[in-house]
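The following note is offered to a colleague beginning to read protein structures. Please look over the structure first and then take the points in order.

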Amino acid sequence: MTRVVILGAGHAGGSAAAFLRQYGHAGPITLVGEEPLLPYQRPPLSKAWLKGEAGEDELQLRPASFYAEHDIAVRLGMRATRIDRQAKLAFLEDGEVLPYDALIIATGARARRLSLPGGQMARTLELRTAADAEMLKAGIAHGKRLVIVGGGYVGLEVAASARALDAEVTVVEREPRILARVAGPVLSDFFTAYHHKHGVRFDLNASIQALEGEGGQATAVRLEDGRALACDLVLIGVGALPNQELAEDAGLPCDGGILVDDQARTADSAIFAIGDVTRRPLPLYGRSFRLESVPSALEQAKQAAAAITGHKPPTPEVPWFWSDQYDLKLQIAGLPFDVDGTVVRGDPDAKTDRGARFAVFHMRGDVIRAVEAVNSPAEFMGGRLLIGAQRPVSRERLADPAVSMKEVSA
Amino acid sequence: MPKITYIEFNGTEHAVDVRNGLTVMEGAIKNNVPGIDADCGGACACATCHVYVDEAWREKTGKASTMEESMLDFAQNVEPNSRLSCQIKVTDALDGLIVRMPEEQH
């Protein structure tokens with residue numbers, strides 16, 4: 001009977017266990033997680049959960065009863081220390097040794113840290129885990145001054161939530177625009193203006209020199225131009241690094257993520273890797289990439305479970321992402337690789353009172369490669385289908401909101 | 001607690017109690033009812049919690065928002081009684097609700 005061991009009990013690992021059972025795997029499954037919690041959803045940590053609109057119960061991926069009912073053995077608060085590929089054994093820090101026939105590495109990513117003078121002080125937070133979110137939530141309140149280092153999605157979502165709780169928010173970004181690594185300039189400009197309208201201050205092109213404080217507590221962020229931003233709390237959100245050390249130490253090829261194929265298999269046919277820790281093929285884009293997203297983690301969880309059980313592999317998906325900030329729903333499909341232009345549909349003016357609603361299509365010739373849709377679900381859904389089909393469209397019709405996305409796709 | 005009956009594509013019925021205030025999608029996940037994926041966890045961002053609302057219950061479950069309608073427009077096998085179950089809040093008025101699941105959410 002095939003024994004499956006899953007290292008990492010996040011969204012990817014927890015889902016892989018569930019898909020294995022769904023696909024009929026009858027052998028033992030052991031799910032090992034470093035955090036003390038059963039698998040939970042991370043996206044709400046910066047959004048509904050932070051604002052107090054969702055409880056711990058709602059965060060859980062599956063109810064606690066699920067694991068017992070489906071005979072999934074769970075080890076929480078436990079790190080794996082080593083993999084012996086020859087003997088097919090996973091070693092845990094408490095001395096337990098788990099033999100496996102198939103191993104799934106789902107160890108995720110950790111927050112990138114800045115090596116700054118003063119960076120170890122209290123009230124300097126990051127946001128990856130529920131425990132991080134607890135500390136952040138405890139510190140955000142009316143009138144509290146929050147400085148967010150890094151204008152990526154985590155930083156901006158927390159900024160929006162903190163404004164809803166009436167905290168004062170400043171975002172410090174090293175690049176000339178926010179979302180520089182993950183979105184096009186039209187979207188960056190729109191989100192900057194929209195956050196501005198909601199009272200968020202920005203320092204762009206700004207580098208941090210040090211964190212200053214008293215009694216081990218951060219009280220100011222010192223910029224390289226000499227200015228100091230007084231604060232009660234600092235959130236560092238400058239990206240994530242894959243937790244690939246276990247795989248590396250076991251001699252599995254890694255390159256900014258564990259390298260896997262389109263079945264989530266590593267160079268060792270008995271070892272799979274899924275989620276944020278992987279660098280995965282993107283056949284649509286002719287390259288491999290490390291995606292940090294729930295949909296990608298779920299797709300790979302299905303790939304691994306299907307490969308292990310002999311179930312039919314899942315249909316390949318166009319990568320997609322979402323973010324909620326204020327009353328904005330941002331949905332992104334595809335990635336803007338090898339593009340030569342953009343088509344804007346709708347009005348990306350943040351000052352409009354009619355409710356913002358627009359989409360930016362990133363094109364290669366007449367083929368859509370990516371779409372960034374703000375409060376525009378039809379553009380997102382229609383765009384996602386067209387990206388997958390790689391079917392050329394009329395740029396003129398795409399740019400005209402009077403022509404429905406159904407008609408554009410027809 | 002309102003009772004909701006979820007019927008899988010293969011006909012398997014799951015009658016479960018769902019607390020007021022949860023969504024029909026959350027009711028399925030919390031009770032281990034298969035057939036609803038809910039990849040985005042209820043953010044109305046993915047259309048993988050598609051259900052067919054039993055004809056007798058269509059009025060009580062209300063109308064889809066514009067956002068939901070646009071998402072459904074591009075989902076597979078959509079019928080006039082299609083809804084995204086993350087957008088239906090459970091109340092006492094929905095005690096007895098019956099929803100059916102499509103063959104696939106992807």
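Which strands of chain A does helix α1 lie across?

1. Helix α1 (residues 11-22) of chain A lies across β1, β2, β3 and β7 (102-105) of chain A. Its direction is at about 170° to β2(A), where axes are lines fitted to C-alpha atoms, for helices over the stretch in contact, and angles run from 0 to 180 degrees between N-to-C directions. Helices (H or I, at least four residues) and strands (E, at least two) are DSSP runs, numbered from the N terminus.

2. The model is predicted: local features need pLDDT of at least 70, side-chain atom pairs count only at pLDDT 80 or more, and totals for chains, interfaces and linings use all residues. Residues are numbered from 1 along each chain as its sequence is written, while chains are lettered from A and ligands numbered from 1 in the order in which they are written.

3. In chain A, an open sheet of five strands follows the order β3-β2-β1-β7-β19, with parallel pairing; two strands pair if DSSP finds at least two bridges between them. At the edges stand β3 (72-75) and β19 (271-273) of chain A, each pairing on one side only. Direction ignored, neighbouring strands of this sheet are turned by 15° against each other on average.

4. Within chain A, strands β1 (residues 4-7) and β2 (residues 29-32) run parallel and are joined by four bridges. L7(A) stands opposite V32(A) in β2(A).

5. Between the chains, 23 residues of chain A are in contact with 16 residues of chain B (C-beta atoms, placed from the backbone, within 7 Å). On the side of chain A that touches chain B, α9(A) gives the most, with five residues.

Note on methods:
Two residues are in contact if their C-beta atoms, placed from the backbone, lie within 7 Å.
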